[in-house]
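Here are my notes on the model, point by point. Please read them with the structure open.

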Protein chains: 4
Amino acid sequence: MAQKLTTDEKILNAFSKLLEENGYTETTTKKIAQAAGVNESTLFRHFKDKEQLVKELVQKYMSDIDTANAGFIASGDIVSDLMQVAEIYNQFVETHKALFLIGMRDSFQFPKLKEMIIQLPMKLKKILISRMTEMKRSGEINELVNVDITAANYITLILGHALIQNIYTGTGLDISQTDFVQKNVRNFAEYLK
Amino acid sequence: MAQKLTTDEKILNAFSKLLEENGYTETTTKKIAQAAGVNESTLFRHFKDKEQLVKELVQKYMSDIDTANAGFIASGDIVSDLMQVAEIYNQFVETHKALFLIGMRDSFQFPKLKEMIIQLPMKLKKILISRMTEMKRSGEINELVNVDITAANYITLILGHALIQNIYTGTGLDISQTDFVQKNVRNFAEYLK
Amino acid sequence: MAQKLTTDEKILNAFSKLLEENGYTETTTKKIAQAAGVNESTLFRHFKDKEQLVKELVQKYMSDIDTANAGFIASGDIVSDLMQVAEIYNQFVETHKALFLIGMRDSFQFPKLKEMIIQLPMKLKKILISRMTEMKRSGEINELVNVDITAANYITLILGHALIQNIYTGTGLDISQTDFVQKNVRNFAEYLK
Amino acid sequence: MAQKLTTDEKILNAFSKLLEENGYTETTTKKIAQAAGVNESTLFRHFKDKEQLVKELVQKYMSDIDTANAGFIASGDIVSDLMQVAEIYNQFVETHKALFLIGMRDSFQFPKLKEMIIQLPMKLKKILISRMTEMKRSGEINELVNVDITAANYITLILGHALIQNIYTGTGLDISQTDFVQKNVRNFAEYLK
DNA sequence: AATGAATGAGCTTTCATTCAT
DNA sequence: TATGAATGAAAGCTCATTCAT
């Protein structure tokens, strides 16, 4: 049973979609309004200004990461566990592409925005650290492993891949997640044993 | 003894700097001219377009990558060879940060920009492929390795890292090149043996 | 009782006036806005383009010509009929001076403008041809007359006069419509009998 | 034996050609210099400013009209004499198209320019009046004819035609000079007998 | 005498945002 | 609550013209 979208949602959805496709600057308020099927000035009645739209998105997505993380079920095997994390995170990036892209492309213009965006990987890092510490305790990974560096390292790996994928789609540089995970994440995991 | 900069160079330098700081759209021709200390119309006398400025940068950097690549000296050991490549590329990215950032942030909005920017990683890929094919012949790497995919894979790895470094500098997510290369590139290389 | 002008009308009026005085290129959007008493950007909200302004004028005048033409009442005498046409058209040119001048001056530089402007005389030609064909049937004019050429010929005559009048007003070259019609149109008509 | 063109001539020729094709405003100093094969600033060394170029053209053409007029040889028959005048003048307009067009299109913006351009038809009018007065004396034309009005009338006729031809070339409104002269000038002449 | 480099004023157009209804 | 009309600022770019060599 399809819910009727509120005006807020219509605007936010349109914004997110355009953001992903065209970046922040190119996403004009006129285009947003058009895509949302509302008047341009309605947009300003609902959101103080263009920046507010981003803030709203960030907030919305911040809560999603907790949900995503809750979906993780430890298997006891480091390789499959890390691959599961990669899978979850990759899908999260895919789902929230718009925000990640804006984080890369436009956050420079908006220092505040950068602060907000950075919270996503930071939150993931925290989660990873706690998981790895757990795995260390259970002997799943070697006790000599520096958990902090390794977590950062791992995030760099999968986030870097997700980004590159999005940037270089259809250029011959893109490489399927399967291939990438198979080779790199597996290697990475093995190394921790 | 300090060389006097030509107007071309002054403009290009100012452009590159602003590009890095603010992105393509935000880098207005007026600001470029101001930063370069020339009149705005002088800019258009020297470079037909704003786009032309990017083309010029790309061309300039394209030749730099050849120089950088020429500095590579094969050691016969796959691990140290790939690490050497990583080192070279990472430094290249650092040096030409402006272009890589624009490649990520703005090429979406401007298909023409994308075409230009994509040439850089593609060139690196070509170089890598020829190197790996060579290594395959010499038995340095396993003959079952799919050179094309592996090259893309490797670029994703180090380019991804370079990107994340630039984006998340000073956020606790940044991880030194040494650490990253030590762990990931080494793993990667081992796998090819 | 004075009607309040809509913004559209204010802009179009200002445009028409400036066009007549200064030509298309010299009539800048800033000047138009100023003369109309609106902001320059308002102009672009109302008319997509500077070109659109011309299109609008043409359309407006195209309908006027129909009205003018509807006022024609055939007398059965070729001489007075053609003179009536001359009268109607001359007044039409006078009223819509702006467009005719732009047709002459600027359409060269802007092929698109030319296409639009040419519609006016072409429409008149059509009207003339149908009238003459009618007159031919009724025996008012000789059946050997080539209607197409004669129509073009006639338009050249009265349009040419109208142009010269507008260009060379007050130079001693201007000759009243009465005199011109008396001599030339009358001759022309006689010849068709 | 081909004369080497002076820089002055090269510039003036290029200007005249571009003027005819594109009108005054569209004929930029850059294009003129390019077409003349000289540096843009050379142009300003030779001619104080853009307006000066027009003045120069006018002066040059003013002397040509005397030459053209000198070519007239009275036949004693009013019809063929006026047709001869039409022929001469029409060719003159054709040859100096650039100036006539600028006279129509751009003189509005430059009152000074208008003054200059108007001299051409005025001079023709003078010539015509003296010729007609002569014809009147010789009985070639009726002594009741108002020479002043008739001269203006005649100029309107052939100048109007020449203009229309140039404006509406290739639009179905253009009518060959032969046809026009055959019908209108002949009529005109007959009427003077 | 001729050039190449530089300039400031101006162009058309789009932007995010506000106001009155 | 939502709209349509209006706005000032700023964008990329071109113009005629001047200056130093």
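**Notes on the model**

1. Salt bridges. The count over all chains comes to 11 salt bridges, a salt bridge being a side-chain nitrogen of Lys or Arg within 4 Å of a carboxyl oxygen of Asp or Glu. One of them joins Asp148(C) to Lys125(C), with the closest N and O atoms 3.6 Å apart. This pair links distant parts of the chain: Asp148(C) sits in helix 8 of chain C and Lys125(C) in helix 7 of chain C, 23 residues apart. In general, side chains of opposite charge can pair when their charged atoms come close.

2. Basis. This is a predicted model, in which local features need pLDDT of at least 70, side-chain atom pairs count only at pLDDT 80 or more, and totals for chains, interfaces and linings use all residues. Residues are numbered from 1 along each chain as its sequence is written, chains are lettered from A and ligands numbered from 1 in the order in which they are written, and side-chain values use heavy atoms, leaving out hydrogens and water.

3. Fold of chain A. Chain A has 9 helices and 0 strands. Helices (H or I, at least four residues) and strands (E, at least two) are DSSP runs, numbered from the N terminus. The C-alpha trace of chain A spans about 60 × 40 × 35 Å along its principal axes.

4. Annotated domain. UniProt, in an unreviewed entry, lists residues 5-65 of chain A as "domain: HTH tetR-type". Such annotations may be inferred rather than shown by experiment. Over residues 5-65 the chain is 77% helix and 0% strand. The end C-alpha atoms of that stretch are 23 Å apart.

5. Chains C and D. Here 43 residues of chain C are in contact with 43 residues of chain D (contact means heavy atoms within 4.5 Å). The buried area is about 4100 Å², with 66% from carbon and sulfur atoms; buried area is the accessible area (1.4 Å probe) that two parts lose on being put together, summed over both. Between chain C and chain D the count is 0 salt bridges. The elements giving two or more residues to the chain C side are helix 1 (7-22), helix 6 (97-105), helix 7 (111-137), helix 8 (147-167) and helix 9 (177-192) of chain C. Helix 8 of chain C gives the largest share, 12 residues. By class, this side has 21 nonpolar, 12 polar and 10 charged residues.

6. DNA strand F. Which residues are closest to DNA strand F? They are Thr42(A), His46(A), Thr7(C), Asn39(C) and His46(C), out of 30 that surround the strand (near means a heavy atom within 4 Å). Of the strand F atoms within 4 Å of the protein, 54% belong to sugar or phosphate and the rest to bases. A polar side-chain atom of Thr42(A) lies 2.5 Å from a phosphate oxygen of strand F. A polar backbone atom of Thr29(B) is 2.8 Å from a phosphate oxygen of strand F. Helix 3 (40-46) of chains A, B, C and D gives two or more residues per chain to this surface.

7. DNA strand E. Of 29 residues around DNA strand E, Asn39(B), His46(B), Thr28(C), Thr42(D) and His46(D) come nearest. A backbone N or O atom of Asn39(B) lies 2.7 Å from a phosphate oxygen of strand E. Arg45(D) places a side-chain N or O atom 2.9 Å from a base nitrogen of strand E. The surface near strand E divides into 4 nonpolar, 17 polar and 8 charged residues.

Conventions: Ala, Val, Leu, Ile, Met, Phe, Trp, Tyr, Cys and Pro count as nonpolar, Asp, Glu, Lys and Arg as charged, and the others, Gly among them, as polar. A polar contact is a pair of N or O atoms within 3.5 Å; within protein, one must be able to donate a hydrogen and the other to accept it, and residues adjacent in sequence count only if both atoms are side-chain atoms.
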